[in-house]
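User: I'm new to this one. Could you take a close look at a single part of it for me?

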Amino acid sequence: MSAPVAKPPVTCHVLDTTIGRPAPNIKCTLLLFPSTSPEITSSVSVLATAYTNSDGRVTAWQEVEEGKGLVLKEGVAYKMRFEVEEYFARTGQETFFPYVEIAFRVRSTAEHYHIPLLLAGWSYSTYRGS
């Protein structure tokens, strides 16, 4: 029997509130800001990418630097980018947003970070999940 796969330190969940269902196959990218004080003009580094599963969740990431494992740093700001325009085109819905970006700061590496995205063609919202 194989050991269970460890949950990554950050996960996400996308729900399409227009149809009341999970949003599968949305590309998600986890990005790292270069300093603790991100600016609008800050360049970011790609840490990992994934696609939401049939339940609209990302539970595993493909790290850019293979073999290192996804490790978050305390006090550092990150951004998660969701490529939603492709999803809406696939489902025959219009959208105002080509993508959604959610910036967040890791206060403690002892905590798990979950980022839910409630999505519709003309609006979205998020909150700190558990």
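Analyst: Sure, here's a walk around one loop and its aromatic rings. This is a predicted model, where local features need pLDDT of at least 70, side-chain atom pairs count only at pLDDT 80 or more, and totals for chains, interfaces and linings use all residues. Residues are numbered from 1 along each chain as its sequence is written, and side-chain values use heavy atoms, with hydrogens and water left out.

Start with Thr 95, in the loop between helix 1 (84-90) and strand 8 (100-105); helices (H or I, at least four residues) and strands (E, at least two) are DSSP runs, numbered from the N terminus. Thr 95 is buried, at 17% relative accessible area (buried is under 20%, exposed over 50%, partly exposed in between, with a 1.4 Å probe and protein chains only). A polar atom of the Thr 95 side chain lies 3.1 Å from the backbone nitrogen of Phe 97, and one lies 3.1 Å from the backbone oxygen of Gly 121.

Now the rings: Phe 96, Phe 97, Trp 122 and Tyr 124 make up one aromatic cluster. Rings of Phe, Tyr and Trp (its six-membered ring) pair if their centres lie within 6.5 Å; planes under 30 degrees apart are stacked, over 60 edge-to-face, the rest tilted. The whole structure has six aromatic pairs. In one of them, Phe 96 and Phe 97 have ring centres 5.3 Å apart and planes at 80°, so they sit edge-to-face. Phe 97 also pairs edge-to-face with Tyr 124, at 5.1 Å centre to centre and 80° between the planes. Because Phe 97 is in that loop and Tyr 124 in strand 10 (residues 124-126), this pair ties together parts 27 residues apart in sequence. As for accessibility, Phe 96 is exposed at 59%, Phe 97 is buried at 16%, and Tyr 124 is partly exposed at 36%.

Note on methods. A polar contact is a pair of N or O atoms within 3.5 Å; within protein, one must be able to donate a hydrogen and the other to accept it, and residues adjacent in sequence count only if both atoms are side-chain atoms.
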